[in-house]
Structures are given as structure tokens and as C-alpha cells.
Amino acid sequence: MLLTASLLAALAVALAWPVPIVLARATWTSAAPGVALLLWQAIALAGGLSMIGALLTYGLIPFGDRLIGALVAFFAAIAEGALPSGANFFQMFALSGAVLLGVHLLLNLAMTFVRASRQRSRHRQLVGLLSAPMPERPGTRILDSAAPVAYCLPGAPRSMTVLSAGLLELLDDEQLRAVVAHERAHVNQRHHLVLLAFRAWRSALPWFPIASRAQDAVGVLVEMLADDRARREVDDDVLAQAVALVASADDRTDGEPAIGRRDGIAAASAASVGRRVARLVERRSPLALPARIAVGAAAVALVAGPTVLLILPTFD
Amino acid sequence: MATLGELERATMDVLWDAHEPLSAGDLREALSRAGGTGKELAVTTVLTVLSRLENKGFVTRDRESRPHVYRAATSRAEHMAELMHEVLGSAPDRDAVLARFVGQVSASEAEQLRKLLATD
């Protein structure tokens, strides 16, 4: 299993560092946000799998040649309370690492989920008290605020689209339709779940590009996906105008009390707005089908690779 | 007065605009007036709404007085500020909560955006 462990470790290192950096710089992702998003998910999943898998297979070397058999032997050894004669300190250290990392990742996911639902339910209560329902659009509420904002609040029993009075004033009907279609796409495509998973991933492994770059990139990609859905209902130019108007209009709203705006988050979000508008205005054609299929296949191979390595009988 | 949610909102509107704590009876009157339907709300309905709002922390109840009187725990403006802070703001994990249409950009970037659109 030493060979398996080495292969998995090499994959884990590649996916944790160079691969995400290269992919984050790639420009083809704007032309194919759907498969790009799939690829990021595959990288994250395969990365986690190979990190834990490498530690596990290395640690289980004294217990057998195949993962399942070695696990059975390992638990038998625990029951007996004695290690096999070949076991060394480093292998036990790797095993503890595998368990700790696995628990750490799952706990982070659970905690991120709980925290988000709690915040969301508090936010929902506030919106319920401070906004009026829009009679002609079910599931849409109008917030009495001068800042032009639009967002969706995913969740049960039904998701909510919130528009501000400032936004209604800023945009014409057609532009507004673009905004609503965009927000609805986020909800229908369950983007909040993807974002949540990557947020948890980042809070679990904050120092690795696999987590930090991934979260930023995924944030932009879901916006592009929602844009693409909105483009089916409105003209590209209308959507581009709506994005640009809302993004630049914040400058003019000074009625709101001191809100920490455009620090920190500004750089990432500004770059994403520029990329979104550019792809709408330049009308770049989507990535060719063969290329998209290739990316999809790469994503599948990424997840299948470590899985097969773990399950298959070893060759050494 | 369709749903419980709308009734809660109407109740908060009355409490936010009131300058003094109100009893359930006062609230029922004000709500019936605001509703404009002429249909009287049951006091028990008003009490239900008030206790829900109290549980959520939006309303405080003065148990010393008879009948109990209620007031808004926090002003409308403060709640609005809290909400907008989450929407616009610097809360680091805000996008886990909501997906906003567009983030904000700086003045120079806004200028670039306008140029991008103008070349069209």
C-alpha cells in the first residue's frame, strides 16, 4: 500500500496547491461556468479524499494489503489492544491524522450549516417585519431602503426575493425583470448549498489555495450561471446595464447609516462585476461542446481516480 | 390581514409608531383601524401575535401593569440598520446567508463599467 499512499499524497499536494492556482487564473471558465463549477467541486472532493486516503493507506500498511481487509484487521487489533509487530510510530501518527482531518472537515461543514441557517432565520424574521409583499410577484418583497439592493434568501418554506425601494427607482421594468430572473436562478439551482460547502471547506483549511481560491472562484461562477439563466429572458445588454447600474449606484446612496462598505470584500467583488459585465457586452460564445465534455470528463476522473486507488487491490 | 406574518408586521408598525407602551386592547383597536376592513380582530389573536413577537425578541412586555403593556424592543431604524448591514455589509460570512445581485465597486471601477457599456 506504500505505492497507493504515495500516489494519493502526490494527488493531494497537486490539488491543494498548484491546480487551484492555475484554474483560478484560467479565463475559459467565463465561457463555461457550469462545467467550471463542476470541476471546482471535483477538485475539492478529490482533494479531501486523497488527503485522508493517503494518511489512511500509509497508516494501515502493517495491517494488510487492501484497504478493507486492513481496516478489519485494524479494528481487530484495537479490540485486542496490541499492535502488529511491523507497526511504527509514523504509521500510527498518520492514522490519527486521517481520523482528525476527517472529523475536522465534517464538523466544519455541520457548523457552517447550522450557523448559516440560524443567521438566515433571523434575517428572514427581520425582512418579514420590515418589508411589504409585492402583490403582483409572489415570493417577492419590497424593502423600504434607499440603497439599491436585490438578493434572494433561500430556505423553507419558500425562498424569498428581496428588492429595495431604491432598486425599483433605479431600474426600468425590463432591467428589473433581469434582476429577478437572476435571483430566481440562484434559488432554483441551489447555489446557496454549493457556496455553503465551499465556505465550510475554506474555514476548515484556510491556508490552502484549494479552499481559498476555490471559494472566490465559485462565488463568481454561480453569478455567471445566474446571469446565463437571466439572459434567456432578457437581452444581454439589459442585464449588463442592470449589473453596472446597481454596482455603481452604491456611490450615490448616502442616506443609510454608517455601513462598512467597500473594504476588504471590495477587490474580489469588483473584479467579479467587471468580468460579468465584460462577458455580457463582448458576447463571447460559450466554450465548444468537445471542450466542455473534456472538462466534465476531467472532473469525473478526478473523483474516480482516488476512489479507485483506495478500493482496488494494490499492485505492490 | 391575511397571514400571521402580515399581522406581526402590522403590529410592529403600530408599536414602532406609538410613543407609549400599548395594551393588547389598544393594539386591537389600532390594527382594526389600520386594516380598514371593519372586521374586528379577536383579542386572543392579538395576544398570540404579541407573544410570538416577544419570543423572537422584537417586543418587550411590562408585566407590572394591569393589563400588560407592550413596546417595541428596538426601533425600526435600528432593525433596518441591522438588516442592511447584513445585506451590504462587512459581515464576513454574509454570502452564506444571502446571494446578492451585485456587490459594490469603487468609484473608478464604476467609471470603467460605464465605459464598457458605452462602447456598445
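Start with B:P67, which sits in the loop between strand 2 and strand 3 of chain B. The peptide bond leading into this proline from B:R66 is cis, and its omega is near -10°. Most peptide bonds are trans. Keep in mind that this is a predicted model, so the cis bond is a feature of the prediction.

The two strands on either side of that loop form a hairpin, and six residues connect them. Strand 2 of chain B covers residues 59-62, and four bridges tie it to strand 3 in an antiparallel arrangement. One pair to look at is B:R61, whose bridge partner in strand 3 is B:Y70.

Strand 3 of chain B also pairs with strand 1, residues 22-23. That pairing is antiparallel too, with two bridges. Here B:L22 has B:Y70 as its bridge partner. B:Y70 therefore is the partner of B:L22 in strand 1 and of B:R61 in strand 2, by DSSP bridges between paired strands.

Which side chains of strand 3 in chain B are buried, and which are not? They alternate along residues 69-72. B:Y70 and B:A72 point to one face and are buried. B:V69 and B:R71 point to the other face and are not buried.

Staying in chain B, next is the helix packing. Two packed helices are described by the angle between their axes and the distance between the axes. For helix 1, residues 4-17, and helix 3, residues 43-56, the angle is about 80° and the axes are 10 Å apart. Angles from 65 to 115 degrees count as roughly perpendicular, and so helix 1 and helix 3 of chain B are roughly perpendicular to each other.

On the helix 1 side, the contact consists of B:L4, B:L7, B:E8, B:T11 and B:M12. On the helix 3 side are B:V49, B:L50, B:R52 and B:L53. By class, that gives six nonpolar residues, one polar and two charged.

For chain B as a whole, there are six helices and four strands. Read from the N terminus, the order is α-β-α-α-β-β-α-α-β-α. The chain has 120 residues, of which 31% are buried. Of its contacts with a separation of 6 or more, 42% are between residues 24 or more positions apart.

The last strand of chain B takes us to chain A. Which strands make up the open sheet, and in what order? There are five, in the order 1(A)-2(A)-4(A)-3(A)-4(B), with mixed pairing. The edges are strand 1 of chain A, residues 131-133, and strand 4 of chain B, residues 99-100. Each edge strand has a single partner, so one side of each has no neighbour in the sheet.

At the chain A edge, strand 1 runs antiparallel to strand 2, residues 140-143, and three bridges join them. Within that pairing, A:A132 is matched with A:I142. Helix 5 of chain A, residues 89-130, packs on the sheet and touches strands 1, 2, 3 and 4 of chain A. Its direction makes about 125° with that of strand 3 of chain A.

Chain A overall has twelve helices and four strands. Its C-alpha trace spans about 75 × 45 × 35 Å along the principal axes. Of its 316 residues, 42% count as buried. Among its contacts between residues at least 6 apart in sequence, 73% join residues at least 24 apart.

Two loop residues in chain A have backbone angles to check. Most residues other than glycine have a negative phi. A:R190 has a positive phi of about 55°, and lies in the loop between helix 7 and helix 8. A:R283 has a positive phi too, near 50°, and belongs to the loop between helix 11 and helix 12.

Are these two arginines buried or exposed? A residue with 12 or fewer other C-beta atoms within 10 Å is exposed. A:R190 has 12, so it is exposed. A:R283 has 9, so it also counts as exposed.

Last, confidence. Chain A has a mean pLDDT of 88, and 92% of its residues reach 70 or more. In that chain, the highest value is for helix 3, residues 33-59, at 96, and the lowest is for helix 11, residues 266-281, at a mean of 77. Over residues 251-266 of chain A, pLDDT stays under 50. For that stretch the model has 27 contacts beyond four places in sequence.

Conventions. Residues are numbered from 1 along each chain as its sequence is written. Chains are lettered from A and ligands numbered from 1 in the order in which they are written. Axes are lines fitted to C-alpha atoms, for helices over the stretch in contact, and angles run from 0 to 180 degrees between N-to-C directions. Angles under 35 degrees count as roughly parallel, over 145 as roughly antiparallel, 65 to 115 as roughly perpendicular and the rest as oblique. Two residues are in contact if their C-beta atoms, placed from the backbone, lie within 7 Å. Ala, Val, Leu, Ile, Met, Phe, Trp, Tyr, Cys and Pro count as nonpolar, Asp, Glu, Lys and Arg as charged, and the others, Gly among them, as polar. A residue is buried if 20 or more other C-beta atoms lie within 10 Å of its own, exposed if 12 or fewer, and partly exposed in between; C-beta atoms are placed from the backbone. pLDDT is the predictor's confidence in each residue, from 0 to 100.
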